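Got a few minutes to walk through a fold together? Take a look at the sequence and the model below, then we'll go through it piece by piece.

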Amino acid sequence: MSLETPEKIRSLQRKLYCKAKAEPAFRLYILYDKICRADILLRAYTLARANAGAPGVDGMTFGQIEAAGVDAWLAGLHEDLVAKIYQSDPVRRVMIPKPGGGERPLGIPPIRDRVVQAAAKIVLEPIFEADFEDGAYGYRPRRSAIDAVKETHRLLCRGYTDVVDAALSKYFDTIPHADLLRSVARRVLDRKVLRLIKLWLQVPVEERDGDGKRHMSGGKSNTRGTPQGGVASPLLSVIYMNRFLKHWRLTGRGEVFHAHVISYADDFVILSRGHADEALAWTRAVMTKIGLTLNEAKTSVKSVVAVGLAVKPVGKPDAANPHVRFDERGRETGQCHRARPRLYRSKARSAMFW
C-alpha cells in the first residue's frame, strides 16, 4: 500500500483548507459523510498499518485483518459508521519509561478505532490548520521540533534573550472536555462528528495489575483528558493549546511584552526583551482560566545568549555553565562544544501543504 495521499483525497483537503483560510468565521455542518467515505477509510487503514503498533483490548492484529480480507473488514466498518452504530472500545493502558525517569501512561486503542480516528484526522486537520498560530510546531504537518529550535535560535539572535522556559503539568490528562469540544465547534458543527470526538474522549481505560487482574477507569464520568496514544489526540491537543496562542495574539501580548511564543506539544518558550517575569505571570493566570496548570518544577525564567547552535546562561562563569544543546523537542540535553556561529533566516512556513 502506497503512503502517498491519493489525489482525490488531497483535493478534498485542499478545498477544506482554502475555505477555512478564506473565511475564518465559517463553520462546517456536513463532514461526517466524508469521514465515512470508502477511499478515506482505506487511506486511514494504510496509515494505521504503516504505524503498526500493538493490539488493543480486542487482541486484533493487522495480520488477522489481512488474513480475513481488508476490503471486507473496511466494508463492515463503513456500514457501522453509516448506520451510526459505531462505538469505540476501551483503550489498553500501558506504562512506558520517560527519558528523565518515571513512567508515562500510553493508551492503545483497537485497530478499528485507530482507523476511524485517522479518517477523522484526514478530514479535520486541514480545517484547523487554517487557524493554528504560527508559533505552534508540535504535531503539525511539515513542522518539527527542529523547526521550533531554529526559530527559537533566530529570535535569540535578534535580541529576545529574556526567556520563559515552560511546560504544562499533565497536559494530555487535564484538557477539559467541554471547553475542548467548544473549541472544535467553533469550526465544526456536525453533530455526528462531535459525537465521535466525545466517544474518544470518554472512552473507558483498561489496565491490568501485576496479577493480570483487569481494572477499568474513565468512561462517561470522565470530564478531562485525551488519551495519549490515540490517533486523534495530538490534533485535539493542538486545537486546545491554540486557545492560549490565539489569546496571546488577540490581546496584543507580543507588543506589550516585546515577546514571541514558540510551542511544541505541552512545552513552550516565551522569548522577550526584558519582560519575561511579567509574561510568566500573565501566562500562569491565563492557563488557570482555561483549566491548565504550569509544571512549576520545569518552568523558569532565564537570560540567555545565542552562541552558534548552542545557548548559554548569562552572568555566570563558563566553567560552571557550559553551553547547552537542545534535543529534538527543544529541551536542554547537556554540554556541547561551541558550534560555528550560524544565524538561521528561515522564512515562516505556509500551512498550505496539500
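What follows is a set of questions and answers on this predicted model.

Q: How many helices and strands does the protein have, and what share of its residues counts as buried?
A: Let's start with the overall picture. DSSP runs give 13 helices and 11 strands. Across the 354 residues of the protein, the share that counts as buried is 46%.

Q: Among contacts with a separation of 6 or more, what percentage comes from residues 24 or more positions apart?
A: Here we set aside contacts with a separation below 6 and look at what is left. Within that set, residues 24 or more positions apart account for 71%.

Q: What is the strand order of the open sheet of 4 strands?
A: Start with the pairings of β1. Strand β1 (residues 91-97) pairs with strand β2 (residues 103-108) in the antiparallel sense over 6 bridges, and with strand β4 (residues 204-208) in the parallel sense over 2 bridges. Both senses turn up, and the sheet is indeed one with mixed pairing. Its order is β2-β1-β4-β5.

Q: Which strands sit at the edges of that sheet, and what is the average twist?
A: An edge strand here pairs on one side only, and that holds for β2 and for β5 (214-218). From one strand to the next, the twist averages 40°.

Q: Which residues stand opposite R92 and M95?
A: Each of these two residues faces a partner in another strand. For R92, look in β4, where the residue opposite is E206. For M95, look in β2, where the residue opposite is P105.

Q: Which residue in the turn of the β1 and β2 hairpin has a positive phi?
A: The two strands form a hairpin with 5 residues between them. In that turn, a phi of about 105° belongs to G101.

Q: Is strand β3 largely enclosed or open, and which strand does it pair with over 6 bridges?
A: In strand β3 (residues 162-167), 5 of the 6 residues are buried, so β3 is largely enclosed by the rest of the structure. One of the facing pairs puts V163 opposite L271. The pairing is antiparallel over 6 bridges, and the partner (residues 267-272) is β7.

Q: Are helices α3 and α5 oblique or parallel, and what is the handedness of their crossing?
A: Helix α3 (residues 38-51) and helix α5 (residues 70-82) pack at an angle of about 120°, with their axes 10 Å apart. That angle makes α3 oblique to α5. The crossing of the two is right-handed.

Q: Which residues make the contact between α3 and α5, and how many of them are nonpolar?
A: On the α3 side you'll find L41, L42 and Y45. On the α5 side there are V70, W73, L74, L77, H78 and L81. By class, there are no charged residues and 1 polar one, and the nonpolar count is 8.

Q: What is the relation of α11 to α13, oblique or perpendicular?
A: Helix α11 (residues 233-250) packs against helix α13 (residues 276-289) with the axes 11 Å apart, at an angle of about 135°. Their crossing is right-handed. The angle makes the relation of α11 to α13 oblique.

Q: Which residues meet where α11 contacts α13, and how many are polar?
A: From α11 come M241, F244, H247 and W248. From α13 come W282, T283, V286 and M287. Sorted by class, the contact has no charged residues and 6 nonpolar ones, and the polar count is 2.

Q: Where is K84, and is it buried or partly exposed?
A: K84 has a positive phi, near 60°, in a residue other than glycine. K84 lies in the loop between α5 and β1. The relative accessibility of K84 is 49%, so K84 counts as partly exposed.

Q: Where is A265, and is it buried or exposed?
A: A265 isn't a glycine, yet its phi is positive at about 60°. You'll find A265 in the loop between β6 (259-264) and β7. The relative accessibility of A265 is 10%, and the cut-off is under 20%, so A265 counts as buried.

Key: Residues are numbered from 1 along each chain as its sequence is written. This is a predicted model: local features need pLDDT of at least 70, side-chain atom pairs count only at pLDDT 80 or more; totals for chains, interfaces and linings use all residues. Side-chain values use heavy atoms; hydrogens and water are left out. Axes are lines fitted to C-alpha atoms, for helices over the stretch in contact, and angles run from 0 to 180 degrees between N-to-C directions. Angles under 35 degrees count as roughly parallel, over 145 as roughly antiparallel, 65 to 115 as roughly perpendicular and the rest as oblique. A crossing is left-handed if the near helix is turned anticlockwise from the far one by less than a right angle, and right-handed if clockwise. Contact means heavy atoms within 4.5 Å. Ala, Val, Leu, Ile, Met, Phe, Trp, Tyr, Cys and Pro count as nonpolar, Asp, Glu, Lys and Arg as charged, and the others, Gly among them, as polar. Two strands pair if DSSP finds at least two bridges between them. Buried means under 20% relative accessible area, exposed over 50%, partly exposed in between (1.4 Å probe, protein chains only).
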